[in-house]
Amino acid sequence: MDKQAAIFAYIGTQTDGSISEGIYVYRMNPLNGELEYSSTAAAGINPTYLAIHPSKRYLYAANTIEGEGLISAFSIDPLTGRLTFMNSQPSGGSKPVHVLVDGKGKFVLAGNFGDGSVSVLPIQADGSLGAMTDFIRHSGSSVHPTRQQGPRVHSVTLDPAGRYAVAAEYGADELRVYRLDAERGKLLPAAVPSISVAAGSGPRHAAFHPNGRWAYVINELGNTLMSYDYDPTQGILHLRETHATLPEGYADPSFCADVHVHPDGSYVYGSNRGHNSIVIYAVEPETGRLQLVGHEPTLGRAPRSFIIDPTGQYLYAAHQDTDNVVAFSLDRQTGKLRPVGHSIKVPMPVCIKMISI
């Protein structure tokens, strides 16, 4: 990577009931991992989860609103990282909590938590959003008496080839798999369209290994991480193993949130809200099996989101309950994390994304 490249961090927040003003932009110092404030973009109500276009010219935000939510589009200034609002389109469902852009930069996929639905919106030539090309509402429920009374889509994740999308159906304890028609913007059932997970797990987020053959799903309610073998030709997931994300003997309330694979594929990281830690697993390079490395306290409460920077040197944990983002250095040999002594104050951070321009 060009040593002169600018690295920007974009932090989506919850504005409803907080002092947040929208999406916060910071510039990263690659020498020490510190984040320096750059700008703020007013982005409507609750611009929580973010996604960045592969061209790095546009950013999309899920406006998490009760009733029909919105997906908002912004252009990115390549010199300053500043965001400029372009337009918004309805997400079709209630409370969108997750967005991503397909690898070709043609469509935004959104997961609506409120009513358990997924939607597809086309990206226009100027980066703005067009009206939905597809909308699918799920059905189903599971065993948790208050959190799983109906379908709840918590994320939609594309495989590295951009052919198949995995929707984490939190409310029904399932993974719904779709084939993306990248010409028409349609989601079609995969060969195995639904994969059950253990009752009461609450699958939340998924991450694919860079080699495209393994996938990892973190479960909010079960405090577990599932490891899958993945067939990229048909989009089929085969469960290999399930790991606890909390230390043995820990019994206080805690809920998983985010999961990421290191860019070089050597480690998998997951966040625990309650235990307030990042759990670290080493990836066996031949099989993809996971081995626990340990847990690192995140120095805040409720690490809802975290990110590994584009250089693979730093990890940033965003704490929704303590309004701070904490920087850690990442040991490439062991996978372990160490606080660098740098933290920034951001009101109710929900998602953090980074790009190198």
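**Exercise 1. Place Ser 72: which strand holds this residue, and is Ser 72 buried or exposed?**

Solution.
Step 1. Find the element. Ser 72 sits in strand 6, residues 68-76. Strands here are DSSP runs of E with at least two residues, and helices are runs of H or I with at least four, numbered from the N terminus.
Step 2. Check the accessibility. Ser 72 has a relative accessible area of 2%, so this residue is buried. The cut-offs are under 20% for buried, over 50% for exposed and partly exposed in between, with a 1.4 Å probe and protein chains only.
Step 3. List the neighbours. Beyond residues up to four places away in sequence, Ser 72 touches Leu 59, Tyr 60, Ala 61, Asn 63, Phe 85, Asn 87, Ser 88 and Leu 129. Contact means heavy atoms within 4.5 Å.
Step 4. Look for a polar contact. The side chains of Ser 72 and Ser 88 are joined by one of 2.6 Å. A polar contact is a pair of N or O atoms within 3.5 Å; within protein, one must be able to donate a hydrogen and the other to accept it, and residues adjacent in sequence count only if both atoms are side-chain atoms.
Step 5. Compare sequence and space. Ser 72 and Gln 89 are 17 residues apart in sequence, and their C-alpha atoms are 6.6 Å apart.

A note on the source: this is a predicted model, in which local features need pLDDT of at least 70 and side-chain atom pairs count only at pLDDT 80 or more, while totals for chains, interfaces and linings use all residues. Residues are numbered from 1 along each chain as its sequence is written, and side-chain values use heavy atoms, with hydrogens and water left out.

**Exercise 2. Describe the aromatic pairs: how many does the structure hold?**

Solution.
Step 1. Count. The structure holds five aromatic pairs. Rings of Phe, Tyr and Trp (its six-membered ring) pair if their centres lie within 6.5 Å; planes under 30 degrees apart are stacked, over 60 edge-to-face and the rest tilted.
Step 2. Take one of them. Tyr 26 and Tyr 37 pair edge-to-face, with 5.6 Å centre to centre and 80° between the planes.
Step 3. Place both rings. This pair links distant parts of the chain: Tyr 26 is in strand 2 (residues 23-28) and Tyr 37 in strand 3 (residues 35-41), eleven residues apart.
Step 4. Check burial. Tyr 26 has 6% relative accessibility and therefore counts as buried. Tyr 37 has 46%, so this ring's residue counts as partly exposed.
Step 5. Take another pair. Tyr 267 and Tyr 269 are tilted, at 6.4 Å centre to centre and 50° between the planes. Tyr 267 is buried at 8%, and Tyr 269 is buried at 0%.

**Exercise 3. Examine two residues with positive phi: where do Asn 46 and Leu 299 lie?**

Solution.
Step 1. Recall the background. Most residues other than glycine have a negative phi.
Step 2. Read the angles. Asn 46 has a positive phi of about 50°. Leu 299 has a positive phi of about 65°.
Step 3. Place them. Asn 46 is in the loop between strand 3 and strand 4. Leu 299 is in the loop between strand 23 and strand 24.
Step 4. Check burial. Asn 46 is buried at 8% relative accessibility. Leu 299, at 51%, counts as exposed.
Step 5. Add a residue from the loop of Leu 299. Thr 298 lies between strand 23 (290-297) and strand 24 (303-308), and counts as buried at 0%. Among the residues that Thr 298 touches are Asn 276, His 319 and Phe 328.

**Exercise 4. Describe the largest cavity: which residues line it?**

Solution.
Step 1. Define the term. On a 1 Å grid over the protein atoms alone, a cavity is a set of points where a 1.4 Å probe fits but cannot get out; lining residues have an atom within 4 Å of a point.
Step 2. Read the volume. The largest cavity holds about 80 Å³ of space. Grid points are joined across faces, edges and corners, and a volume is the space filled by probe spheres set on the points.
Step 3. Name the lining. Thr 48, Tyr 49, Val 97, His 154, Arg 204, His 205, Asp 258, Arg 304, Ser 305 and Val 350 line the largest cavity.
Step 4. Group by element. Strand 4, strand 16 and strand 24 each give two or more residues to this lining.

Methods. On a 1 Å grid over the protein atoms alone, a cavity is a set of points where a 1.4 Å probe fits but cannot get out, and a pocket is an open set with protein on both sides within 12 Å along at least five of seven lines; lining residues have an atom within 4 Å of a point.
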